[in-house]
Amino acid sequence: MATNSKRFKLDDGSDDGSCLQNFLQWCDRVGLKLNNNKVYVSSKGTLADYGMLAKEDIEEGEVLFTIPRSVLLHQGTSKVSAVLEQGKESLESSSGWVPLLMALLYEYTCPESPWAPYLSLWTDFSSLDQPLFWSKEERETLLRGTGVPEAVERDLANIQREYSTVVLPFIAKHTDLWNPTTHTLQLYTRLVAFIMAYSFQEPLEEEEEVEDDDEEEEEEKASNLPMMVPMADMLNHVSNHNANLEYMPECLKMVCVRPIRKGQEVFNTYGQMANWQLLHMYGFTEPYPSNCNETADIPMANLFTVATQGIQSDLDRQLVEEKRALILEMMGEKAAFIFGKQGCLTDMELHTTLKVLCMSREEFQEFRDNEGWEEEEEADEEKVSLAFSNEGLPGLKAPWQCLIHAAARLTLDSYGSVEGSKEGVCIDRDRMLIEDKVQLAGLNPRQQRALQVRHGQKSILDRVLALTKP
């Protein structure tokens, strides 16, 4: 089960506070239909501050609540929708979130907003606790090696740039609706975190998915923007969920996907997300080992590093650099190889990289001259997938195993939490903390969540080391 800290806390601290009651009354007024015979919202018996519980047994296929599309909050439903539509070209950004953020800035600070009872559940967004709001020292100390600190630094830089170059100029043109004194960078950052933690994206239909046409890709991106979905965002997440949000032309429905017994909590899913993603986006983790979607990355840079170790001649070093350049041309500068609980999830990419790195000079020259990487696209994906699964890793070619093993070791060392050795065995204090319930309970919530991320990733890397041991 998840340790979900992202839920809101009511400002009056009561179990059934006025904010919640106002919200539920608002739901009745706007036609958001809760199946009151089967479910109810509560702070007692739920995973986090608030959640949804079953009043009676619920069978698969039963509808728990229905949300009219008019209740959804996004740039198309906000009172300022016309202004946002008129200025949409000036609101373009890399995130694509600015129009929704402008709508939220307006609605959140407007006492007469139709969504006021919904937005009042978050009095100042102080309950949001993604690493975005941790100190830099906390992130770098607690989350070293996980990839989260780097992701947060990118987020903060993007938020600052977006606010300065897109939002403030737009506010200056519409001072009757927004002003920089009220709609500050601090509030903007909180709303970014709010969208990260609570928004939903409507899945695209298969016929809408396009890969080659740039114009249609832009239309696809626009149709898949985030939106706020009242009531649906009150459900907590676990990977082994029992409800799912379904999207209809006129409404959205939360539907039971497996039996829920009386008194049990109703859980939605936010997707197949590893703990580092859950912490980064939502501010919570699932306790080890319950997250079946846990992953660990081996940066491509680490594979290149170990591939150059022991090279003596400049000619050989130049060959590795040429191989590296070709691989980066194929896969991009920031590529990483992702391992899950059952093996490598980016098996085709790892297969190609290892194949190229282990080529002789003559083989590489022929591969490059004949654009051999195009042949890689025709490789037997099923065989490659099996070869890089937990069952297949021990049977890989010895040079491939050595590269994976060394790169996994280098990645594991980056976490910095291995204290030493005892009788030849590494002592990992994270593993010790996970296994010692007393010490684990003594950690603060941020320390506990960071520990879950670190230990989940390192457990996967430990398995890779064991399966590729020379």
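**Reading loop residues in a predicted model**

Mentor: P289 lies in the loop between α9 and β9. The model is predicted, and this loop offers several features to examine.

Trainee: Which residue does a cis peptide bond join to P289?

Mentor: The cis bond links Y288 to P289, with omega at about 5°.

Trainee: Where is E294 found?

Mentor: E294 is placed in the loop between α9 (275–282) and β9 (295–299).

Trainee: How should I read its charge: which side chain of opposite charge is nearest to E294?

Mentor: A salt bridge requires a side-chain nitrogen of Lys or Arg within 4 Å of a carboxyl oxygen of Asp or Glu. For E294, the nearest side chain of opposite charge is K341, 6.8 Å away, and E294 has no salt bridge although it is buried.

Trainee: What does the side chain of E294 reach?

Mentor: The E294 side chain comes to 3.1 Å from the backbone nitrogen of N275. Beyond its neighbours within four places in sequence, E294 has contacts that include W276, F339, Q452 and I460.

Trainee: Which sign does phi take at F125 and at M231?

Mentor: Phi is positive at F125, about 65°, although F125 is not a glycine. M231 is likewise not a glycine, and its phi is positive at about 80°. F125 belongs to the loop between α4 (116–119) and α5 (136–142), while M231 sits in the loop between α8 (214–223) and β5 (236–237).

Trainee: Why does F125 count as buried?

Mentor: Buried means under 20% relative accessible area. F125 counts as buried because its relative accessibility is 1%; M231 counts as buried because its value is 0%.

Notes
Residues are numbered from 1 along each chain as its sequence is written. This is a predicted model: local features need pLDDT of at least 70, side-chain atom pairs count only at pLDDT 80 or more; totals for chains, interfaces and linings use all residues. Side-chain values use heavy atoms; hydrogens and water are left out. Helices (H or I, at least four residues) and strands (E, at least two) are DSSP runs, numbered from the N terminus. Buried means under 20% relative accessible area, exposed over 50%, partly exposed in between (1.4 Å probe, protein chains only). Lys and Arg count as positive and Asp and Glu as negative; His and the chain ends are not counted. A polar contact is a pair of N or O atoms within 3.5 Å; within protein, one must be able to donate a hydrogen and the other to accept it, and residues adjacent in sequence count only if both atoms are side-chain atoms. Contact means heavy atoms within 4.5 Å.
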